[in-house]
Amino acid sequence: MQTLAALDDEIVVHLPVRRVWELLTDWSAAPAWLPGIEEMHVNGPSGPGQELAYSSGGHARRYTLATLDAEHGLTMVSGSADDEVRVEYGYLLVPDGAWTRVSLRVAVRVHETLAEEGLGLATALADAEAGQLESLRDYAERAS
């Protein structure tokens with residue numbers, strides 16, 4: 001497998017880590033800040049392996065939580081470790097005084113034979129997700 005970085009972004013949210021974490025992991029509110037998400041529902045217990053079922057563009061899709069470290073970070077993935085294409089979204093929350101620094105890393109993991117397609121997907125994801133953290137910050141600061 002080859003890993004292609006699609007996006008590395010960071011922003012300061014003017015709220016404490018605990019509140020940002022609550023809003024980030026309120027999956028039913030994801031459509032308010034996640035681009036293209038029309039609705040999201042949680043399946044299974046909280047923690048790694050939990051499924052986040054969502055609709056986007058009228059299609060049913062899912063993420064799976066690969067990691068979950070309360071008030072610190074999480075990784076959600078589309079696809080499994082066995083798939084030829086897998087998209088990973090990693091969020092990291094770090095206290096910055098009274099505020100929270102939120103980092104997002106989006107990566108595409110592809111089988112070597114799909115490197116060209118993976119590059120195209122990484123570019124498309126970079127464009128689609130470029131404003132995600134700004135949307136999260138705006139949503140979080142309005143919701144506080």
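**Notes on charged pairs, a helix and two buried residues**

1. Let's start with a salt bridge: the side chains of aspartate 96 and arginine 101 come together with an N to O distance of 2.5 Å. Please keep in mind that this is a predicted model. Aspartate 96 counts as partly exposed because its relative accessibility is 28%. Arginine 101 is partly exposed too, with a relative accessible area of 29%.

2. Arginine 101 has another partner to look at. Glutamate 10 also forms a salt bridge with arginine 101, and here the closest N and O atoms are 3.2 Å apart. Glutamate 10 sits in strand β1 and arginine 101 in strand β7, so this pair ties together parts that lie 91 residues apart in sequence. At 44% relative accessibility, glutamate 10 counts as partly exposed. Through shared partners, salt bridges join Glu10, Asp96 and Arg101 into one network.

3. How many salt bridges does the structure hold? The count is 9. One more that you may like to display is the bridge between glutamate 22 and arginine 19, whose closest N and O atoms are 3.2 Å apart. These two residues are 3 residues apart in helix α1, so about one helical turn separates them. In general, an α-helix has 3.6 residues a turn, so residues three or four places apart point the same way. Glutamate 22 is partly exposed, with a relative accessible area of 40%, and arginine 19 counts as partly exposed at 28% relative accessibility.

4. Now for a charged residue without such a partner. Glutamate 129 lies in helix α2. Glutamate 129 is buried yet has no salt bridge. Which side chain of opposite charge is nearest to glutamate 129? That is arginine 61, 10 Å away. With neighbours within four places in sequence left aside, glutamate 129 is in contact with Leu7, Pro35 and Tyr89.

5. Helix α3 is worth a look from end to end. Helix α3 covers residues 132-143, which makes 12 residues. From its first C-alpha to its last, α3 reaches 16 Å, close to the 16 Å expected at 1.5 Å a residue. The buried residues in α3 are Gln132, Leu133, Leu136, Tyr139 and Ala140. They cover an arc of only 125° around the axis, which puts them on the same side of α3.

6. What do the buried residues of α3 pack against? Their partners include three strands, β1 (2-13), β6 (85-96) and β7 (99-110), along with the helices α1 (17-24) and α2 (115-129). Some of these elements have come up above: β1 holds glutamate 10 and β7 holds arginine 101, while α2 holds glutamate 129.

7. Last, a polar residue in a strand. Threonine 64 lies in strand β4, which runs over residues 59-69. Is threonine 64 buried or exposed? Threonine 64 counts as buried because its relative accessibility is 17%, and the cut-off for buried is under 20%. The side chain of threonine 64 is joined to that of arginine 62 by a polar contact of 2.8 Å.

8. Threonine 64 also meets residues from further along the chain. Leaving aside neighbours within four places in sequence, threonine 64 is in contact with Gly49, Gln50, Thr75, Met76 and Val77. For one of these, threonine 75, the C-alpha to C-alpha distance to threonine 64 is 8.4 Å, with their positions 11 residues apart in sequence.

Key. Residues are numbered from 1 along each chain as its sequence is written. This is a predicted model: local features need pLDDT of at least 70, side-chain atom pairs count only at pLDDT 80 or more; totals for chains, interfaces and linings use all residues. Side-chain values use heavy atoms; hydrogens and water are left out. Helices (H or I, at least four residues) and strands (E, at least two) are DSSP runs, numbered from the N terminus. The expected span of a helix is 1.5 Å times one less than its number of residues. Buried means under 20% relative accessible area, exposed over 50%, partly exposed in between (1.4 Å probe, protein chains only). The arc is that of the directions from the helix axis to the C-beta atoms. Contact means heavy atoms within 4.5 Å. A polar contact is a pair of N or O atoms within 3.5 Å; within protein, one must be able to donate a hydrogen and the other to accept it, and residues adjacent in sequence count only if both atoms are side-chain atoms. A salt bridge is a side-chain nitrogen of Lys or Arg within 4 Å of a carboxyl oxygen of Asp or Glu. Lys and Arg count as positive and Asp and Glu as negative; His and the chain ends are not counted.
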